[in-house]
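This report looks at how the chains of one model are built and how they meet. Please keep the sequence and the coordinates open while reading.

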Amino acid sequence: MENTDKSRREFLISGLMATAALAGCGENNNPFAPDQEVKLTGEKVKLLSVNGEIIEIDKAFLKPVPDLPTLSNSEERKGIPGKKFAMVIDLSRCKNLKKCQSACNHMHFVHPGQSWIKVLSMQDSEQSSPYWQPTTCMHCDEPPCVKVCPVDATFKRQDGIVAIDSDRCVGCRFCMAACPYSTRVFNWDAPEMPEEVAKQHYSCETSVPQKKGTVGKCDFCPDMVRKGALPHCVSACPNGVFLFGDINEDSVTNGAETFRFSDLIKDKAGYRLMEDLGTKPSVYYLPPVSRNFPYETGVENQNPDDLHHH
Amino acid sequence: MKSKNINNIGRAILLLVMAMPLGAAAQQDSVKPKLLLNVGYYMNNNQMMYLLANTKAKISGKFKQVPGIAVTVYLDKESPDQLIGKTITNEEGLGKLIIPASLKSVWDASAQHQFIGSTEATKEYESATAETDITKSKITVDTISDGETRKIAVSVSAYNGKDWIPAPDVELKVGVARIGGSLLTAGDEATYTTDSTGKVSAELLKKNLPGDEKGNLILVARVDENDTYGNLKVEKSVPWGIAVKPNEHFFDQRTLWSTRFKTPIWLLAMAYSIVLGVWGTIIYLVFQIIKIKKLGTSGEL
Amino acid sequence: MEKNTILSSEQITQDLLPKKFGKIGLIWTTTLVIICLIGAYAYFRQLKYGLAVTNMRDYVSWGIYISNFVFFVAISLVGSLITAIFRIAKVKWATPLTRIAEIIAVSAIVFASLIIIVDMGRPERFMNLFLHGRIQSPIMWDVIVIATYFCISLLLLYLPLLPDLKILIRFKEKTTNSLYKLYRFQGSFWKGTREQFKISEKSINVLCITIIPVAFCIHTVTSWLFATTYRPGWDSTNFGAYFISGAFLVGAGGVVVAMYVFRKYYKLEKYITELHFENMGRIVVLLALLYLYFNVNEYLVPAFKMKKSEEAHLASLFTGDFAPMFWFAILVGMILPIIILLFKKGRKPFPMFIAGVMIVVGAWFKRYLIVTPTLLHPFLPMQEVPANFHHYFPSWEEWAIAMGSLAGALLVITFFARIYPIIPIQETITEQHEEQEHQ
């Protein structure tokens, strides 16, 4: 315990100068995120400041992304303190590129054919125009899936995330029946992944490695947030469809743009899916108005099995 | 060259084997894909400098980050005594380097520097080089509270060898630090540009932003990928936010979705009373059977 | 065989003592064993390769196993109907049927629990239900209530068996050595004293009162596994009553079938008389009408409104892919049996047997229709999945396991009838005596 305290203090001091940057999008991460704790090595290195002064920092900060201490199961079940995650999906920007899906499937080793993010071709009524709707787990505040789980294998965390403990799950699939958004997938087969990944200890934050006979789904990538990065779908989308953020900070970001969450929802008439069910999702949608792309641009990317739709 | 050609088949097979687990398209021909190396200069809060080497390659039309490449970076001159260091790029194709204290004299000698990065040719990629020129610079952020309005003053200055002089026409972002390293811009514009005095003044138009538990916000001013100055960032904590107390109560509730340790009392009462009632009866009946048994066996004796 | 023929105790005992399997009995038992073994092999494959051997996929995540589970729970309800309700209501004619009903209940509830374990993706983690059990989950309610019902049913089977065990022990020469040991172990202490009878009678009464709410619970809770979700076709406040009425019907149908088979095979015409069929016929027709009523309720009301979410589901049942099976289940499972049993001639043993079979088969398909079509009509469109996720037809492993479980349940009943008197001997004798005195 003492060690973590120390590492936090040291981080807060050195954090200002030693924060890693994510070069992928040219964005620096938030050095002040108070929950970020870095696993220190105890070894120091001397380096130069811009003024030519010599400073000492822990070797841990030499990595592009410093290693984070491994979390215990109870920490993973509790969640990141002080956070309340939310996502805004801007339907006017989506053209069914499915980069979100492939990035997510790749990072979580989702079984081929299955996916945690589905980009659905939606049409609300005959006269209304079709649009593309990426669908993740809604991370409901009244999660029907969690209500029915007999063994606490799926649970609601303090930060709003509904996560799964694949080491606990008995595979009864009641949660799948209970979820009105059909977001959950089941590992009918042994999941395919490199052996070194399969050997890893399961983490409720990375949802890796998936295990045969258990349920999997979108986890909002809290491991990425801990690293000061964004969920894989958010950073993979070239059109900035996904905006991820913290309600407690009242802001959401897609990496390139950051909005005040409350303003965005108010100005663009954000809504949630199936509000009448009372599930209180954490995922908001911005309606497909003034679109960046016509619906048709996404058709070529549609799953051939779904073409009979519309 | 000749002996290399003989090895090509072997190399192609090796490539195939190595590329498959990565899910990358295998390169069938003997032409190695071009590796793109970039060395970025980063400076945070006018103190800590570091370099980020990034290796990527265009594979079947798409840029992919290339991991596992050894990058060597020198300061100004490719000579062993001006070596900054070596790094191997990680999963995201990134490697981080700091400028070691031993290069102090070289660093102090000039206001402009060049970072020279290079990679050796590998089995998969040709060698690559990169040069990044920077001018030493500083960025500061301050606040001006003018009655109701809250302004953020940013100034960028460059070193000319003797003095720190204002740096005009530098594009930068000013705002509040948010999740995932994002920046919520202070005003309506996404970016600002420094004037002839190297200054930018941005009003924080977003009122009542939630801060931390004490109501502190972190102001950020950031220069991204500037051709002259690289990447600069400065932060300042200000008490301009609304204090946000995380709602712990929400998770202490006893609800139907809570864990087994937070079952609603009414449900526990119902469940236990039913279970105890019925199992009490069952146990009573088992005792009745024992009683019958005792009656039977005592008769035998 | 008519009511007024009074049988001697010796005659009754001779007629009702368990008999060795005849040729048909052996063929029957062997067939069941083979079906069970095929099912066991299919389950072995499932354990090895995972639930991928089934044709369940992400949309149809519950299939034939769950519908089979619901079927077993439903049929097990009959134990409480025939035994408890009739006993409390002092319906004397039902005495010869009590043990048949109880053994159906016990074997069905055993296989209901087994099939739910078969459905689990991680059966080896079954203990998690006890280590990490969460009382908010209807699955936990089901686990508790099924375990409870099993225990009560077992007691209700055992207590009235005690006097018969004494008779079985007395006729040592008619049984094998190992069975004799079993009888002695289970019931050697029963001397038939007045005091023992008194305790036993009282216990049976307590049991009969206890088993009725528990039986209602097992099937109501099972219906809540569906009704606590939002899904079209499941999202109904009526589901508990709907399930219970259906369970009473299929259970009674099952008893009728068993009555006919036991009567025929063991030549029990003197004990299971036409009067029994007549009375059971009246009860079955009442139950079938009741279930039909709930069906009308369950389908007509949503069909009247045709909410968007319900529309595709109802259309698939009424006129779509599931229409043949749906109308089969309604017609064969309810309407035809009602028509047959409304006539006096329809309440003779053989037509009753046919009606019983129709009810049981119809009920099995009905359970399938409750589970699968709903899952094929989720709220959000079924997209971005392989083509085979859009349909469901059980794989051979699923069929083999489901049929194996049905065969297993029949096997339990068969062995029970081989070991114990399927009609209570002592109670029949007592009743004959009472009748004699009455005359």
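In which sense, and over how many bridges, do strand 16 of chain B and strand 17 of chain B pair? The two strands pair in the antiparallel sense, over eight bridges, where pairing requires that DSSP find at least two bridges between two strands. Helices and strands are here DSSP runs numbered from the N terminus, with H or I over at least four residues for a helix and E over at least two for a strand.

The model is a predicted one, in which local features need pLDDT of at least 70 and side-chain atom pairs count only at pLDDT 80 or more, while totals for chains, interfaces and linings use all residues. Residues are numbered from 1 along each chain as its sequence is written, and chains are lettered from A and ligands numbered from 1 in the order in which they are written. The model scores ipTM 0.91 and pTM 0.88. For chain C the mean pLDDT (the predictor's confidence in each residue, from 0 to 100) is 92, and 99% of the residues of chain C reach 70 or more.

**Chain B**

Chain B has four helices and 17 strands. Of its 301 residues, 35% are buried, a residue being buried if 20 or more other C-beta atoms lie within 10 Å of its own, exposed if 12 or fewer do, and partly exposed in between, with C-beta atoms placed from the backbone. Contacts are counted when the C-beta atoms of two residues, placed from the backbone, lie within 7 Å; among those in chain B between residues at least 6 apart in sequence, 54% join residues at least 24 apart.

Strand 16 and strand 17 of chain B form a hairpin with three residues between them, and in strand 17 the bridge partner of B:A221 is B:V234. Strand 17 of chain B also pairs with strand 1 of chain B, in the parallel sense and over three bridges, and here B:M43 has B:L232 of strand 17 as its bridge partner.

The domain assignment, which comes from an automatic or database source, gives domain 1 (32-135) and domain 2 (137-238) of chain B. The centres of these two domains, taken over C-alpha atoms, are separated by 27 Å. Their contact takes 10 residues from domain 1 and 15 residues from domain 2 of chain B. On the side of domain 1 that touches domain 2, strand 1 and strand 8 (128-135) of chain B each supply at least two residues, and strand 1 of chain B gives the most, with five residues.

**Contacts between chains**

The contact between chains A and B takes 53 residues from chain B and 55 residues from chain A. Among the elements of chain B that give two or more residues to this contact are strand 1 (35-44), helix 2 (104-109), strand 16 (217-226) and strand 17 (230-238). The contact between chains A and C takes 42 residues from chain A and 37 residues from chain C, and the elements of chain A that give two or more residues to it include helix 4 (144-148) and helix 5 (174-178).

The table gives the composition of three sides by class, where Ala, Val, Leu, Ile, Met, Phe, Trp, Tyr, Cys and Pro count as nonpolar, Asp, Glu, Lys and Arg as charged, and the others, Gly among them, as polar.

| Side | Nonpolar | Polar | Charged |
|---|---|---|---|
| Chain B, touching chain A | 25 residues | 13 residues | 15 residues |
| Chain A, touching chain C | 22 residues | 11 residues | nine residues |
| Domain 1 of chain B, touching domain 2 of chain B | five residues | five residues | no residues |

**Chain A**

In chain A, five strands form an open sheet in the order 14-13-12-5-15, with mixed pairing. Strand 14 (258-260) and strand 15 (283-286) of chain A are the edge strands, each pairing on one side only. Strand 15 of chain A runs parallel to strand 5 (residues 85-90) of chain A, and four bridges join them; among these strands' residues, A:D90 has A:L286 of strand 15 as its bridge partner.

Most residues other than glycine have a negative phi, and most peptide bonds are trans. A:D152, in the loop between helix 4 and strand 8 (154-156) of chain A, has a positive phi near 60 degrees, and A:D152 is buried, with 21 other C-beta atoms within 10 Å. A:S182, in the loop between helix 5 and strand 10 of chain A, has a positive phi near 50 degrees and counts as buried with 22 C-beta neighbours inside 10 Å. The peptide bond from A:V208 to A:P209 is cis, with omega near -5 degrees, and A:P209 lies in the loop between helix 6 (195-198) and strand 11 (215-216) of chain A.
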